[in-house]
Amino acid sequence: MSAVPTEPVETPEPAWRQRAVERSTRAAKQRAEQRVQRFLDAAQELIAGKGTTDFTVQEVVERSRQSLRSFYQHFDGKHELLLALFEDALSKSATTIREESAAGPDPLSRLRIAVDLLYDSCRPRTNQQSPLFTDFAMQLLVTHPDQVATAHLPLLTFFTELVEEAVAAGQAVSSRPRRTASLIMQTAMFTAQAPAAPVGSSPSPISADEVWEFCLGGITGPGTAVTAATRTDAETETAPRKATPAKKAVAAKPAAKKTAARKTAAKKTAASRGTAHGKA
């Protein structure tokens, strides 16, 4: 029996080589992450200084003390850099809101805290960019809705958990917690960014308390019951109309009056005929 194998045997890669490659890859990844973070920090500093996202890629490159070539190795352009900042801000906000809302004694209280915090984080500030980059967020909703939806996932996941917990505790009603959570988030975020509502002769900002009262009414209502107010025009037109007892009674009154009038007239006619006949 020959000691030499008849088929080629694949020699396993030495362990030292695997460790060297992994170490090299890990080091390259760390360097790339550091370069990316320097670009993000530079952009954040520019936003804080200008109070807006109106800056150039060249300004970011100069402030980060890196090369333009390095910038385009990591980002397609300013849009992708701002999107990275937006996603990072949303992720941090989700973590902060999750931690601070934990102080609530019950699910509904925790949801109230979360709504207040989200409203505040989206509220425009004078000469200061809001944490969630209000102006750029509005642009993204139009130009890149899918990316915006992905960026909101950490927040949406947490708000969905809060709604589910409130439903389980019997404090809220929702057949679709995730959709309800999305509606609550959008109400808080867009109302915070919207201009003040006109009340009388002067504008009146909508407060976080008013936003919460509105949302609370939506999740503690009758659930999926269809009321007259929620029926569409088509449903109203095609639905059979049934007169209620009260309406029947109201409708019957004119008919009764007409009948009584006819009987009175008939009696008068008969009386007059009888008088005339007697004289004759």
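In the predicted model, helix H1 is followed by Gly-51, a residue whose phi is positive, near 70°. The helix that ends before this glycine comprises residues 15-50, and the distance of 53 Å between its end C-alpha atoms agrees with the 52 Å that 36 residues should span at 1.5 Å a residue. The buried residues of H1 are Ala-32, Phe-39, Leu-40, Ala-42, Ala-43, Leu-46 and Ile-47, and these pack against three helices, namely H2 (57-64), H3 (68-74) and H4 (78-101). In an α-helix, residues three or four places apart point the same way, because there are 3.6 residues a turn.

The contacts of H1 can be followed further through individual residues of H2 and H3. Ser-70, which lies in helix H3, has a relative accessibility of 7% and therefore counts as buried; when residues up to four places away in sequence are not counted, Ser-70 touches Arg-35 and Phe-39, and Phe-39 is itself among the buried residues of H1. On the side of H2, the side chain of Arg-63 meets that of Glu-45 in a salt bridge, with an N to O distance of 3.3 Å. Because Arg-63 belongs to helix H2 and Glu-45 to helix H1, this pair ties together parts that are 18 residues apart in sequence. Both partners are partly exposed, Arg-63 with a relative accessible area of 44% and Glu-45 with one of 42%. The loop between H2 and H3 contains Arg-65, a residue other than glycine whose phi is nevertheless positive, near 60°; with a relative accessible area of 75%, Arg-65 is exposed.

Considered as a whole, the protein chain has 12 helices and two strands, and the order of the elements from the N terminus is α-α-α-α-α-α-α-α-α-β-β-α-α-α. Of the 280 residues in the chain, 28% are buried. Among contacts between residues at least 6 apart in sequence, 65% join residues that are at least 24 apart. The chain exposes about 18,800 Å², of which carbon and sulfur atoms supply 56%.

In soluble globular proteins, nonpolar side chains tend to be buried together. In the present model the largest nonpolar core has 35 residues, and those with the most contacts inside it are Phe-86, Leu-111, Val-115, Leu-118, Leu-155, Phe-159 and Ile-184. Two or more residues of this core come from each of H4, H5 (107-122), H6, H7 (145-151), H8 (153-168), H9 (177-193) and H10 (208-219). A second core, separate from the largest one, has 15 residues and includes Val-60, Val-61, Phe-75 and Leu-82. Within the largest core, Val-115 may serve as an example: leaving aside neighbours within four places in sequence, Val-115 is in contact with Phe-159, Ile-184, Ala-188, Val-211 and Trp-212.

Charged pairs were examined next, and a search of the whole structure finds eight salt bridges. One of them joins Glu-161 to Arg-98, with the closest N and O atoms 3.1 Å apart; since Glu-161 lies in helix H8 and Arg-98 in helix H4, the pair ties together parts that are 63 residues apart in sequence. Glu-161 counts as partly exposed at 29% relative accessibility, as does Arg-98 at 37%. Another salt bridge is formed by Arg-112 and Asp-209, whose closest N and O atoms are 2.7 Å apart. This pair links distant parts of the chain, with Arg-112 in helix H5 and Asp-209 in helix H10, 97 residues apart. Arg-112 is partly exposed, with a relative accessible area of 25%, and Asp-209 is likewise partly exposed, with 45%. Through salt bridges that share partners, Arg-112 and Asp-209 are joined with Asp-116 into one network.

Nonpolar side chains also occur at the surface, where Met-138, Leu-141, Val-142 and Phe-190 make a patch of about 360 Å². Helix H6 (residues 134-143) gives the most to this patch, contributing three residues. Met-138 lies in H6 and, at 36% relative accessibility, counts as partly exposed. Helix H6 thus takes part in this patch and also gives two or more residues to the largest nonpolar core.

Notes. Residues numbered from 1 in each chain as written. Predicted model: local features only at pLDDT ≥ 70, side-chain atom pairs only at ≥ 80, totals over all residues. Heavy atoms only, no water. Patch = residues over 30% accessible without salt bridge, like charges linked within 9 Å, V, L, I, M, F, W, Y side chains within 5 Å. Areas by Shrake-Rupley, 256 points an atom, 1.4 Å probe, with all protein chains shown as cover. Salt bridge = Lys/Arg side-chain N within 4 Å of Asp/Glu carboxyl O. Helix = DSSP H or I, 4+ residues; strand = E, 2+ residues; numbered from the N terminus. Buried < 20%, exposed > 50% of the residue type's maximum accessible area, 1.4 Å probe, protein only. Expected span 1.5 Å × (residues − 1). Contact = heavy atoms within 4.5 Å. Core = buried A, V, L, I, M, F, W, Y, C linked by side-chain atoms within 4.5 Å.
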